[in-house]
Amino acid sequence: MQKETIIPESRDNAFRDLIIKMPGGENLLTCMQCGTCAGSCPVSHEMDYTPRQIVRMIQLGLKKEVLNSNTIWICTTCFSCSVRCPRGIYPTELMETLKPIAMKEGIRNKNAKFDTVFADVVKKNGRASEFLLFSKYSISEPGMIKQAPFGISLITKGKLPLSVAKMDDTRELEAIFKLGEENDGMETEK
Ligand code: SF4
Ligand code: SF4
């Protein structure tokens with residue numbers, strides 16, 4: 001992916017100082033930019049900035065660029081970076097720390113289609129269903145048409161069951177979702 005040169009609008013040292021006091025930020029200033037985190041990350045090709053770049057950007061106080069990056073939403077919390085960092089920095093925790101800060105600033109995941117489909121399927125059935133995820137996400141994401149032959153091949157080999165195992169009683173789950181949606185609404189209003 002072609003990366004744009006970052007031209008900082010402003011540096012915010014208070015942002016850097018806040019992050020180094022929060023989970024994942026403790027050893028952030030010791031980063032030596034070795035790139036082990038970026039090289040270990042299975043989804044760095046989808047990120048606009050790799051974990052290594054995010055760490056450096058925080059050091060430089062590039063608050064706006066960090067919080068608007070898709071990196072914090074794409075991270076799968078696989079912990080590969082955190083277990084390999086030679087300086088004891090935990091980019092995984094860092095991403096989780098940055099999400100609520102971004103949300104408080106009114107910034108949302110701009111590419112939440114899959115998350116929305118996943119939450120919808122779980123809310124309705126109490127469980128994830130690979131078939132429903134695949135089919136519903138394919139409808140909302142036109143680029144997925146390329147994966148159709150793969151999906152059909154999985155179905156014909158019995159690897160993608162068409163039946164959906166539903167949870168008997170989804171009332172508690174619905175209450176949890178409702179609470180989450182109310183909290184999200186409150187954050188949006190702030
Ligand atoms: S692995 Fe650790 S030291 Fe190396 S670039 Fe990533 S955060 Fe920095
Ligand atoms: S925890 Fe996130 S940033 Fe770290 S390697 Fe996994 S996906 Fe990448």
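The following conversation between a visitor and a guide concerns a predicted model and how its features are assigned.

Visitor: What makes the protein a helical one, and how many strands are there?

Guide: The assignment gives 11 helices and 0 strands, and along the sequence the pattern reads α-α-α-α-α-α-α-α-α-α-α. The C-alpha atoms fill a box of roughly 50 × 40 × 30 Å along the principal axes.

Visitor: Why is arginine 16 called buried?

Guide: A residue counts as buried if 20 or more other C-beta atoms lie within 10 Å of its own. Arginine 16 has 20 other C-beta atoms within 10 Å, and is therefore buried. Arginine 16 belongs to helix 1, residues 13-19.

Visitor: Which residues does arginine 16 touch, leaving out those up to four places away in sequence?

Guide: With those neighbours set aside, arginine 16 touches Ile58, Gln59 and Gly61, the criterion being C-beta atoms within 7 Å. By contrast, the C-alpha atoms of arginine 16 and alanine 175, which are 159 residues apart along the chain, are separated by 37 Å.

Visitor: How much of the protein counts as buried, and what is the count of buried residues in helix 10?

Guide: Of the 190 residues, 20% count as buried. Helix 10, residues 148-156, is hardly covered, since the count of buried residues among its 9 residues is 0. Just after helix 10 comes glycine 158, which takes a positive phi of about 75°.

Visitor: What makes a group of residues a nonpolar core, and which members of the largest one touch the most others?

Guide: The members must be buried nonpolar residues of the listed kinds, joined through C-beta atoms within 7 Å. The largest such core has 21 residues, of which Ile54, Met57, Ile58 and Val66 touch the most other members. Helix 3 and helix 7 each supply at least two residues of this core, and the largest share, 4 residues, comes from helix 3. Valine 66 touches Ile54, Met57, Ile58 and Leu98, again leaving out residues up to four places away in sequence. In soluble globular proteins, nonpolar side chains tend to be buried together.

Visitor: How do you know which residues surround ligand 1, and which of them are the closest?

Guide: A residue is included if its C-beta atom, placed from the backbone, lies within 6 Å of the ligand. For ligand 1 there are 15 surrounding residues, the closest being Cys31, Cys34, Thr36, Cys37 and Cys85. Helix 2 (36-40) and helix 3 (51-59) each supply at least two residues of this shell, with the largest share, 3 residues, coming from helix 3. The shell around ligand 1 divides into 10 nonpolar, 3 polar and 2 charged residues.

Visitor: What makes up the shell around ligand 2, in nonpolar, polar and charged residues?

Guide: The shell around ligand 2 holds 9 nonpolar and 5 polar residues and no charged ones, cysteine being counted as nonpolar. Altogether 14 residues surround ligand 2, and the closest are Cys41, Cys75, Cys78, Cys81 and Thr92. Helix 6 (80-84) and helix 7 (91-104) each supply at least two residues of the shell, and helix 7 gives the most, with 3 residues.

Visitor: Where do the domains lie along the sequence?

Guide: The protein is divided into domain 1 (13-104) and domain 2 (113-189), bounds that come from an automatic or database assignment. The C-alpha centres of domain 1 and domain 2 lie 28 Å apart.

Key. Residues are numbered from 1 along each chain as its sequence is written. Chains are lettered from A and ligands numbered from 1 in the order in which they are written. This is a predicted model: local features need pLDDT of at least 70, side-chain atom pairs count only at pLDDT 80 or more; totals for chains, interfaces and linings use all residues. A residue is buried if 20 or more other C-beta atoms lie within 10 Å of its own, exposed if 12 or fewer, and partly exposed in between; C-beta atoms are placed from the backbone. Two residues are in contact if their C-beta atoms, placed from the backbone, lie within 7 Å.
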